[in-house]
Amino acid sequence: MNIAIVGVGLIGGSVAIRLKETKFCDKIIGVDKSQKNLDKAMHIGFIDETASLEDAIKSCKVLVLTIPVDAILHVVPQILDLVTDQVVIDMGSTKTNILNKIKDHPNRGRYVAAHPMAGTEYSGPEAAIAGLFKGKMMVYVEAFKTDEDAFEIADAITDQLEMRSCFMNADEHDVHTAYVSHISHLTSFALALTVLEKEKSQGRIFELAGSGFESTVRLAKSSPDMWTPIFKQNRENVLEVLEEHIKQLQSLHDSIATEDYDKLHKLITRSNKIKRIIK
C-alpha cells in the first residue's frame, strides 16, 4: 500500500516519519506546492518520492491531507471527483465548512475527517519529529458518514501513531478546538505583539524573559499561513471565545485598577481549578 502525504510540513512529515518507522506501508509519496519543501523532505528521508496530486491519487491507496484548511476546502471536492476506492484523510483543524461543502458528494464515504490534537510552534519539513502524536487525541468528525473500510484504514494509521481517539460532530469539534487550541494561539500572538511594542521603547526587555514568558509566548512563532485560514474558517466560534477571554482580562484589569485585591485573589483562585483538568 502506498500513502501520499499532501503537505510535507510538521504534521505531514511527522505522520510520515512514524509510518516509515513502523513499516506500515510500501511507499510514502510527497505532494506539496513548494518544491523546496519536497526537496527538504526527500533529503530528511521521510518520503520516498514526489508526485503531482493527480499522479498521487492514481498510485496511492491513502491520501493524508495536512495542508492549511483553506487549501483543504478548495482541493477536497477535486480529489473526491477523482478517487474510486482510495481513502482521503483530512487532518485539518476545522471541519464544519469542509464537511458542508462535500456532504452531497457521491464519494463522501471515501473521506475521513480526522484532527490530531498535536503540534508544535514550528513549521516546515525540518519541524517534523518522531513521536509527535504518541498519547495524544485523534478526533474523528462525523465518522458515521465514512465507509467502514475507509475508516478502518484511517483508524489503523491512528494506531500506528499511538494515539487515543474520540468522536464528535462538526459543530462540537469546531467549538471545542476554539476553546482549547485556537484561543491559545491568539493569546500568544497578542502577548508577543504587546511585548514587541514595548520593546520599541524599552530595548532590554527580553533580557528579563524567563521560562514563564517563553512557555506563554512560544505559540506566537506559529505559521501565519496555517493559522490565518483556521481563524477564518472558525470565525464565529473564535470570536465567541475571544470575547469571553477579553471579558476575563477586563475583570483582572479592573481588579488591579480599583485595587480590589480580594477580587483579584478570588479570580486567580478560581482559575486554579484548571488543575483538575491539566495535571
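Which residue, with a positive phi, follows helix 10? The legends below get there in the end, starting from the whole chain.

**Figure 1. The whole protein, as a predicted model.** Here's the full picture before we zoom in: this is a predicted model, with 11 helices and 8 strands. Its C-alpha atoms fill a box of roughly 65 × 40 × 30 Å along the principal axes. For 279 residues, a compact globule would have a radius of gyration near 19 Å, and the 21 Å found here agrees with that. Buried residues account for 44% of the 279. The accessible surface comes to about 15,200 Å², and carbon and sulfur atoms own 54% of it. Look at contacts between residues at least 6 apart in sequence, and 72% of them turn out to join residues at least 24 apart.

**Figure 2. The largest nonpolar core brings 37 residues together.** The members that touch the most others are I3, I5, F46, V62, I89 and F133. Plenty of elements chip in with at least two residues each, including strand 1 (2-6), helix 2 (35-44), strand 5 (87-90) and helix 6 (148-160). Helix 1 gives the largest share, 6 residues. Zoom in on F46 and, beyond its neighbours within four places in sequence, you'll find it in contact with V8, G13, A16, I17, K20, I28, A41, P125 and A128. Apart from this core there's another one, of 28 residues, with V6, L73, I102 and A113 among them.

**Figure 3. H115 reaches over to H173.** H115 sits in strand 6 (residues 111-116). Is H115 buried or exposed? Its relative accessible area is just 7%, so it counts as buried. The side chains of H115 and H173 make a polar contact at 2.8 Å. Skipping neighbours within four places in sequence, the residues in contact with H115 include M91, G92, S93 and K95, then M137, M138 and V139, and also T177.

**Figure 4. F151 is a buried residue of helix 6.** The relative accessibility of F151 is 17%; buried means under 20%, so F151 makes the cut. Which residues does F151 touch, once those up to four places away in sequence are set aside? They are Y140, A143, T146 and F167. For a sense of scale, the C-alpha atoms of F151 and V238 are separated by 29 Å, with their positions 87 residues apart along the chain.

**Figure 5. S188 is tucked into helix 7.** Helix 7 covers residues 170-199, and S188 is found in it. With a relative accessible area of 1%, S188 is buried. Leaving out residues up to four places away in sequence, S188 touches a run of neighbours: T216, V217, R218, L219 and A220.

**Figure 6. Helix 10 runs from residue 235 to 257.** At 1.5 Å a residue, its 23 residues should span 33 Å, and the end C-alpha atoms are 32 Å apart, so the two figures agree. Which residues of helix 10 are buried? They are N237, V238, V241 and S255. An α-helix has 3.6 residues a turn, so residues three or four places apart point the same way. That brings us back to the opening question: helix 10 is followed by E259, whose phi is positive, near 55°.

Notes:
Residues are numbered from 1 along each chain as its sequence is written. This is a predicted model: local features need pLDDT of at least 70, side-chain atom pairs count only at pLDDT 80 or more; totals for chains, interfaces and linings use all residues. Side-chain values use heavy atoms; hydrogens and water are left out. Helices (H or I, at least four residues) and strands (E, at least two) are DSSP runs, numbered from the N terminus. Buried means under 20% relative accessible area, exposed over 50%, partly exposed in between (1.4 Å probe, protein chains only). A polar contact is a pair of N or O atoms within 3.5 Å; within protein, one must be able to donate a hydrogen and the other to accept it, and residues adjacent in sequence count only if both atoms are side-chain atoms. Contact means heavy atoms within 4.5 Å. A nonpolar core is a set of buried Ala, Val, Leu, Ile, Met, Phe, Trp, Tyr and Cys residues joined through side-chain atoms within 4.5 Å. The radius of gyration is taken over C-alpha atoms; the globule rule is 2.2 Å times the number of residues to the power 0.38. Accessible areas come from the Shrake-Rupley method with a 1.4 Å probe; for residues, only the protein chains shown count as cover. The expected span of a helix is 1.5 Å times one less than its number of residues.
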